[in-house]
Each structure stands twice: as C-alpha cells, then as structure tokens.
Amino acid sequence: MIAGFLLSLYTCVSNDVIQTLGTYLSANKEKPFWILWLFSGSVLILTFALGWYFNNGDMSFGRLERIPYAGEFYFWHVLPPVVLIFLTKKGMPVSTTFLILSVFSSGQVIGLMLAKSFLGYILAFIISIFIYFIISRPVEKAFLYSKNKKISKKWHIAKWLATAYLWSQWLMQDAANLFVYLPRQLNFIQMMLSVFAFFMLLGIVCYRKGGEIQDIVRLKTNTQDVRSATIIDIIYATILLYFQHANNIPMSTTWVFIGLLAGREIAMYNRLRFETQKKVYKHVLKDLFKALTGLIVSIITVMIINHFNEIKAVFHHYINL
C-alpha cells in the first residue's frame with residue numbers, strides 16, 4: 001500500500017504536475033526554484049488541508065466514491081506506477097488516471113472515465129480554438145511583438161494568481177490517482193505525512209524546472225511569456241472547474257491539457273501564420289500520438305494485471321505439456 005502510494009505520487013509529480021505548473025515554471029525560469037516551490041507548495045498544503053477538513057478525511061474530493069478500497073495489495077498493484085515512471089522518462093504525457101485507477105475499477109467505471117476524458121479533450125480543443133481565434137491578433141500578436149519589453153507587474157501578479165487557481169483545481173481532480181492506494185478516510189497524522197511527501201517531491205520538480213514532459217509546454221508558441229501563460233492557465237482551470245462539478249467520475253486531465261494546447265496552436269497559426277503549417281500540425285499530432293501511445297500501453301498493462309491469474313494458468317498449462 002505504502003509503496004504504491006509513494007510510486008504513484010512520484011509519477012504524478014514527474015508527469016501530470018507539468019500540465020499545471022509547466023507554464024508557471026517556464027514563465028518564471030529566472031526566479032530561484034525555492035520561491036516557486038514554496039508558493040506552489042503552500043497552495044498544495046492549503047488545498048489538501050481544507051479538502052481533508054470539509055470532506056471528513058476524504059483526500060480524493062469524492063473522486064473515489066465509485067472505486068472501492070482494495071484492502072489487500074499485491075505486487076501487481078505496484079506495476080502501474082512503475083510503467084508510468086518508464087514512460088515519463090521517454091517524455092510521454094501518459095494519463096495516470098487510466099493506468100492507476102483502472103486497476104482498481106470495474107469495467108463500467110473505466111468506460112465512464114474514458115468517455116469523460118475524451119469529452120474533455122474535445123471540449124478543451126473547441127473552446128481553445130474559439131477563444132484564440134478571437135484573441136490571437138489583438139492580444140497574442142501584441143504579446144509576441146513586445147516579448148522583449150518589460151512586462152507590467154500586474155501581469156506577474158495575475159500569473160501567480162492564475163497558477164494558484166489552476167493548481168488547486170488540478171489537485172482536486174487528480175487527487176484520486178494518489179490516494180486510491182490509501183484508506184478512504186485519513187486521520188490528521190496520515191494526512192500530514194502524505195501531504196509532506198507530496199510537498200518534498202514537488203521541490204524536485206521545481207528544482208529541475210519541469211523535466212522531460214516540460215518540452216510539451218516549451219515547444220508551444222510564446223508559452224514562456226507571462227501574459228500568454230496566464231491566459232492558458234485561466235482557460236485550463238475553468239474547464240477543470242466545470243468537470244469538477246459535472247460529476248464525481250475521475251478523468252484524465254492530461255487529455256484536457258493536450259486538447260487545449262492543440263486548439264491554441266491551430267487557431268494561432270490560422271490567425272498569425274507564425275510558423276509553417278507542417279510544423280504546427282507536427283507538434284499537435286506528435287502530442288496526440290504520445291497520449292494515444294500512453295493510453296494503449298495503459299490498457300495493455302491493466303489487462304495483464306486484471307487477468308494475471310488466467311495468463312499465469314495458460315503459461316503453466318503449456319509449460320507442463
């Protein structure tokens with residue numbers, strides 16, 4: 001149980017956290033890492049502490065109501081986060097929701113998670129195209145031409161506030177991926193220890209300024225500009241807020257994130273023609289391919305785990321022939 005929690009926490013921090021803190025780290029790359037760490041860590045502690053208090057010890061914000069606590073754990077329960085660590089090192093934006101939660105979920109819940117996640121991608125893609133088709137010329141074009149000029153402090157304040165907004169919404173959505181290994185209600189000491197572990201690993205991400213998955217953010221147009229990053233965060237957080245109140249089915253925030261960036265790139269290309277069409281669609285399709293690859297690997301891993309005894313019996317049968 002503890003090994004599963006710590007490994008899933010590590011993979012979540014090294015993979016999924018970049019979806020929310022990626023633009024924050026890019027836009028503040030000149031600042032000392034400990035400042036970024038203390039700020040993001042404070043939001044983390046406050047979000048989980050309030051969630052624990054108002055939800056009677058439930059750290060998942062109700063996202064695990066349809067997924068029962070395993071009670072007993074075996075070595076194959078630790079396999080999903082191990083696979084995630086490998087895929088993260090390859091720079092793949094894998095959904096921890098599919099890979100980790102599916103091991104503990106029924107087929108019906110898995111189907112609902114997939115449907116909600118794909119809907120999240122489509123909704124984020126459409127919303128992003130619509131918004132950036134409107135603001136690309138009057139807003140983003142101005143940002144591109146003035147990126148070497150001094151940016152107002154108001155934008156820096158807005159960026160930090162937007163980060164806190166997005167970071168808290170993401171934590172509420174993806175908490176289920178972390179706490180699926182732990183009892184559904186934690187006492188105060190258990191809550192503090194789990195949050196402390198998250199806080200320390202978050203420091204590593206801030207020190208490394210993202211890691212391999214950060215390239216998905218770095219390669220997008222003008223994401224290192226504080227103003228552009230602020231707009232991305234607000235749109236992303238608002239979409240997550242909508243799904244937060246839609247129902248308590250867990251979903252992949254990875255797919256929402258990739259859909260948002262894809263819609264943004266396509267809309268900005270059509271309005272500004274800042275890059276060649278081939279390069280724009282190459283980035284979009286590359287991100288989608290990585291996400292689909294991660295999904296396929298997740299499904300295969302879950303199938304092997306869920307049918308481990310049957311597979312073992314088949315091998316045992318043919319070995320004894």
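In the predicted model, Gly-71 is found in the loop that runs between helix H2 (33-54) and helix H3 (79-89). With a relative accessibility of 44%, Gly-71 counts as partly exposed, because its value falls between the 20% that bounds the buried class and the 50% above which a residue is exposed. Although Gly-71 and Leu-182 are 111 residues apart along the chain, their C-alpha atoms are separated by 8.9 Å.

Helix H2, which precedes this loop, was examined along its length and around its axis. At 1.5 Å a residue, its 22 residues should span 32 Å, and the C-alpha atoms at its two ends are indeed 32 Å apart, so that the expected and the computed values agree. The buried residues of H2 are Leu-36, Trp-37, Ser-40, Gly-41, Val-43, Leu-44, Thr-47, Phe-48, Gly-51 and Trp-52. These residues cover an arc of only 160° around the axis, and they therefore lie on the same side of H2. On the other side of the helix, Leu-46, Tyr-53 and Phe-54 are exposed. Just after H2, the backbone at Asn-56 adopts a positive phi of about 55°.

A further buried position was considered in helix H7, which comprises residues 188-208 and contains Ser-194. The relative accessibility of Ser-194 is 4%, and this residue is therefore counted as buried, since the buried class takes in values under 20%. When residues up to four places away in sequence are left out of the count, Ser-194 touches Phe-5, Leu-9, Met-59, Phe-179 and Leu-186.

Attention then turned to the charged side chains, among which the structure holds three salt bridges. In one of them, Glu-140 pairs with Arg-264, and the closest N and O atoms are 3.7 Å apart. This pair links distant parts of the chain, for Glu-140 belongs to helix H5 (residues 107-145) and Arg-264 to helix H10 (residues 253-272), the two being 124 residues apart. Both partners are withdrawn from the surface by the criterion used here: Glu-140 is buried, with a relative accessible area of 0%, and Arg-264, at 1% relative accessibility, likewise counts as buried.

Arg-264 also forms a salt bridge with Glu-265, in which the closest N and O atoms are 3.5 Å apart. At 0% relative accessibility, Glu-265 counts as buried. Through salt bridges that share partners, Glu-140, Arg-264 and Glu-265 are joined into one network.

Another salt bridge is formed between Asp-233 and Lys-159, with the closest N and O atoms 2.3 Å apart. Here, too, distant parts of the chain are linked, since Asp-233 lies in helix H9 (residues 226-246) and Lys-159 in helix H6 (residues 153-179), at a separation of 74 residues. Asp-233 is buried, with a relative accessible area of 1%, and Lys-159 is buried as well, with a relative accessible area of 1%.

Definitions and conventions:
Residues numbered from 1 in each chain as written. Predicted model: local features only at pLDDT ≥ 70, side-chain atom pairs only at ≥ 80, totals over all residues. Heavy atoms only, no water. Helix = DSSP H or I, 4+ residues; strand = E, 2+ residues; numbered from the N terminus. Buried < 20%, exposed > 50% of the residue type's maximum accessible area, 1.4 Å probe, protein only. Contact = heavy atoms within 4.5 Å. Expected span 1.5 Å × (residues − 1). Arc of directions from axis to C-beta. Salt bridge = Lys/Arg side-chain N within 4 Å of Asp/Glu carboxyl O.
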